[in-house]
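Visitor: I'm new to this one, and I'd like a close look at a single part instead of a quick tour. Could you pick a helix and walk me through it, then let me see what else is worth a look?

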Amino acid sequence: MEKSRRRQQFAFSLLLSLWLPCCLAQTTPSNAATRKHTRAPTPSATPSPSPSSQTERLKVRLSGYPRKHNEGRVELFYKGEWGTICDDDFSIANANVLCRQLGFISATGWTHSAKYGKGQGKIWLDNVLCSGGEKSIEFCKSRGWGNSDCTHDEDAGVVCKDERIPGFVDSNVIDAQVDENRIEEVRLRPVVAMSRKKLPITEGVVEVKYKDGWAQICDLGWTIKNTHVVCGMLGFPHERKVNKNFYKRLKKRAAEKVSRPKVNVSAGGRQTSKAKANSKSKQSSPGKRLYLDRQKNYFHIHSVECTGTEIHLAACPLEYSKRNATFPCEGGTAAVVSCMPGPLFMQNNGLKKKPKISSTVRLKGGARLGEGRVEVLKDNEWGTVCDDRWNLQSASVVCRELGFGSAKEALTGARMGQGMGPIYMNEVKCLGQEKSIWNCPFKNITSEDCNHAEDAAVRCNLPYMGLENSIRLTGGRTRYEGRVELLSSDSNGTQSWGLVCGESWSTKEAMVACRQLGLGYANQGLQETWYWDSSNVTDMIMSGVKCVGNEMSLSQCQHHKTVSCQKAAAKFAAGVICSDTASDLVLNAPLVQQTVYIEDRPLHMLYCAAEEDCLSKSAAKANWPYGHRRLLRFSSQIHNIGRADFKPKAGRHSWVWHACHGHYHSMNIFTHYDLMNANGTKVAEGHKASFCLEDTDCQEGVSKRYECANFGDQGITVGCWDLYRHDIDCQWIDITDVKPGNYILQIVINPNNEVAESDFTNNAMKCNCKYDGHRIWLHNCHIGDAFSEEAERRFEKYPGQLNNQIP
């Protein structure tokens with residue numbers, strides 16, 4: 001008996017000696033692996049020791065001057081002191097890591113030799129070598145912290161792409177501690193197979209990006225407020241209740257099928273092929289798949305407690321699942337949400353009443369859908385919002401009321417261009433749940449509070465539509481230019497790439513193509529692309545394209561049902577040159593109203609005007625040089641409120657010299673002046689070739705760049721304006737043949753859209769006009785859609801104001 005007990009003790013000791021080291025090895029695999037593979041590295045290949053063990057976390061910021069918000073000298077806060085990075089061995093990979101740490105999606109470039117000025121203090125890092133995928137600059141190879149042979153003349157800088165990573169707030173100093181639980185990407189995975197084919201995806205299991213895959217959220221305690229936040233992140237303004245009974249029935253049905261599988265067995269005891277097929281079809285059913293998905297779900301987040309005003313799930317209180325939990329979501333399942341898309345993104349969803357978007361708020365000046373300068377309507381006139389205390393909550397209210405999701409960014413400093421007219425709001429303080437920005441507390445503006453250099457703007461979350469997957473550019477020198485190629489499918493479902501006929505292709509069509517590509521504005525629309533002939537795609541698959549200009553894709557524009565292209569060779573295919581910025585010309589409407597008058601001008605003073613075709617056709621039959629022409633004259637002041645200079649499309653080599661006036665014409669037609677009756681029929685017209693485009697004057701702090709003298713460059717700088725005085729030739733409409741009556745005066749800038757602009761809707765000005773045969777009255781002059789529909793209805797009601805002399 002004693003011998004048997006000793007044997008048991010020996011066996012237990014032996015097992016313990018074998019099991020204990022094994023357990024220790026399993027619980028510390030990273031340490032064991034580190035000890036096994038560590039070698040003594042050279043100084044140039046040393047990852048910078050992580051400062052997370054220090055009392056201060058690593059922080060990153062951009063500094064220097066002059067610079068924009070997304071560029072600057074890189075400075076790191078380490079051991080309680082700010083310092084810089086030397087530009088030795090610096091690369092775009094380094095810049096990508098730093099830009100992501102700063103909350104931008106990527107880098108577009110980097111700078112050397114202290115372009116943004118010399119920093120002070122330590123040079124913390126030198127010979128930095130990143131691969132580009134590191135989470136922080138501290139994980140890149142370098143000489144080590146504080147080990148440098150550089151001076152501040154070699155301080156490195158970065159230029160980041162002006163687009164924020166979801167979940168980052170707009171701060172210049174970013175805490176750079178790496179948090180593996182940080183939530184950046186969120187998606188909906190549809191459960192029903194049919195939903196996978198329709199975009200946008202509006203209902204499905206909520207999943208968060210975790211490490212190299214996707215993880216789920218436990219639905220225990222899930223509320224409609226959580227759903228509101230998730231829908232906003234994904235580009236949807238509203239949420240819908242999920243039909244939980246539907247999902248419960250599917251889950252119950254699937255569980256029953258799994259617990260009691262039916263198998264048809266042949267005489268030989270094998271499962272028949274028919275049974276296999278039935279089993280396979282059952283596994284593909286929605287209920288079965290939902291149940292099986294539940295079995296393999298990885299619940300990264302155990303609970304979420306949003307208030308509903310957050311702009312990102314990462315801002316909500318989150319409880320993460322414990323790694324070793326046996327049942328991480330016991331009694332629950334994966335959270336499912338359903339979202340309501342805005343009107344622009346609805347795809348025949350059967351709703352009787354489609355949600356409306358606000359008619360008193362709009363976005364202007366943005367290069368892409370869902371971004372722009374915030375403008376609000378008050379007393380029938382549009383105005384802007386000052387950026388004091390402008391934040392993501394207020395920006396999200398604007399985005400949602402316009403049919404988009406929550407805000408990605410709340411932009412300040414007129415980042416989407418400066419507006420014109422009144423500034424209505426300042427210090428807007430939305431909580432986040434308001435239906436409209438007008439429901440938020442704000443201060444009224446005084447002239448001392450703000451100017452248009454402080455106009456607020458937004459970038460909104462949009463639902464993923466996949467429109468960019470059916471279009472591409474080929475042959476260009478950069479990704480912003482090239483021949484347009486579209487993806488098409490034949491009757492068999494085979495996909496291939498094809499061309500767009502260049503006939504009638506214009507800037508408006510190019511604007512839609514660039515928008516679909518996600519490349520901003522169209523700089524040019526090209527009808528010939530022989531110089532971009534690098535693709536083997538030769539078939540024309542779309543022709544007769546005619547866009548309004550606000551469509552999201554070329555397929556939404558009018559086009560021929562059957563391709564009809566006279567010039568079918570590939571060299572006549574349509575092309576585009578896209579740009580992130582564009583000009584935006586706006587006429588000073590009040591100045592027209594203030595300066596209008598009538599002049600009877602002798603014919604002997606109009607020879608040059610006749611040569612430039614600035615008189616009506618009846619002038620050719622006049623008894624020259626005797627008699628006169630009756631001219632409606634006025635001044636026009638044209639402002640560039642865009643984000644790029646307005647320049648003639650034609651190069652100076654093609655400008656036309658006019659000896660009569662002693663100047664060059666850089667555009668064939670720059671403005672149209674029309675007098676129309678109530679039916680919109682023209683009764684008199686005038687046109688103004690561009691005598692020259694120059695900066696007559698500019699806003700404070702903006703320098704003139706263009707002038708006509710000495711064959712100088714022509715254009716209008718951002719923040720400047722070109723003034724055409726009432727006493728300049730062709731600055732008129734010839735109304736000699738017009739009878740007394742009520743008319744509409746219309747002035748259109750850049751009428752043929754020859755030069756790309758960010759907004760063509762504000763290029764036209766209209767005034768109510770009354771002419772009694774001797775005098776002229778103007779009233780209610782407004783720009784494009786500057787006034788509401790109510791103002792348009794009142795347009796014909798003219799109270800009268802006499803304008804017969806220059807003020």
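Guide: Let's start with helix α10, whose buried residues are T507, E509, A510, M511, V512, A513, C514, Q516 and L517. Keep in mind that this is a predicted model. The helix spans residues 507–517 and is mostly covered, with 9 of its 11 residues buried. What does the covering? Among the elements that lie over the buried residues of α10 are the strands β23 (471–475), β26 (521–526) and β28 (575–579). Now step just past the end of α10, and you meet G518, which takes a positive phi of about 75°.

Go back to the start of the helix, and another piece of the chain turns up. N753 touches T507 and K508, and also F760, leaving aside residues up to four places away in sequence. You'll find N753 in the loop between β40 (741–749) and β41 (764–771). Loop or not, N753 counts as buried because its relative accessibility is 13%, and the cut-off for buried is under 20%.

For a contrast, hop over to A678. This residue sits in the loop between β35 (671–676) and β36 (682–688). A678 has 63% relative accessibility, so it counts as exposed; the cut-off there is over 50%. A678 and N742 are 64 residues apart in sequence, yet their C-alpha atoms are 7.7 Å apart in space.

There's a second helix to set beside the one we began with. Helix α9 (residues 392–401) is also mostly covered, with 9 of its 10 residues buried. Those buried residues are L392, S394, A395, S396, V397, V398, C399, R400 and E401. They pack against one helix, α5 (224–233), and against the strands β13 (238–240), β17 (361–364), β18 (371–378), β20 (407–411) and β22 (457–460).

Helix α9 also leads us to some empty space. A search of the whole structure turns up 2 cavities of 30 Å³ or more, and the largest has a volume of about 50 Å³. Its lining is made up of H228, G308, T309, E310, I311, Q393, S396, R400 and G432. With 3 residues, α9 gives the most to that lining.

Next, a small sheet. Here 3 strands form an open sheet in the order β30-β31-β39, with antiparallel pairing. The edge strands, each pairing on one side only, are β30 (597–602) and β39 (732–734). On average, neighbouring strands in this sheet are turned by 35° against each other, ignoring direction. If you zoom in on β31 (residues 628–633), you'll see 3 bridges joining this strand to β39. One pair to look for is R633 with its bridge partner in β39, W732.

Finally, zoom all the way out. The chain holds 13 helices and 43 strands, and 47% of its 807 residues count as buried. Of the contacts with a separation of 6 or more, 71% come from residues 24 or more positions apart. As for the outside, the chain exposes about 41500 Å², and carbon and sulfur atoms supply 50% of that area.

Technical notes:
Residues numbered from 1 in each chain as written. Predicted model: local features only at pLDDT ≥ 70, side-chain atom pairs only at ≥ 80, totals over all residues. Heavy atoms only, no water. Helix = DSSP H or I, 4+ residues; strand = E, 2+ residues; numbered from the N terminus. Buried < 20%, exposed > 50% of the residue type's maximum accessible area, 1.4 Å probe, protein only. Contact = heavy atoms within 4.5 Å. Pairing = 2+ DSSP bridges. Axes fitted to C-alpha atoms, helices over the stretch in contact; angles between N-to-C directions. Areas by Shrake-Rupley, 256 points an atom, 1.4 Å probe, with all protein chains shown as cover. 1 Å grid on protein atoms, 1.4 Å probe; cavity = no way out; pocket = protein on both sides within 12 Å on 5 of 7 lines; lining within 4 Å. Points joined across faces, edges and corners; volume = space filled by probe spheres on them.
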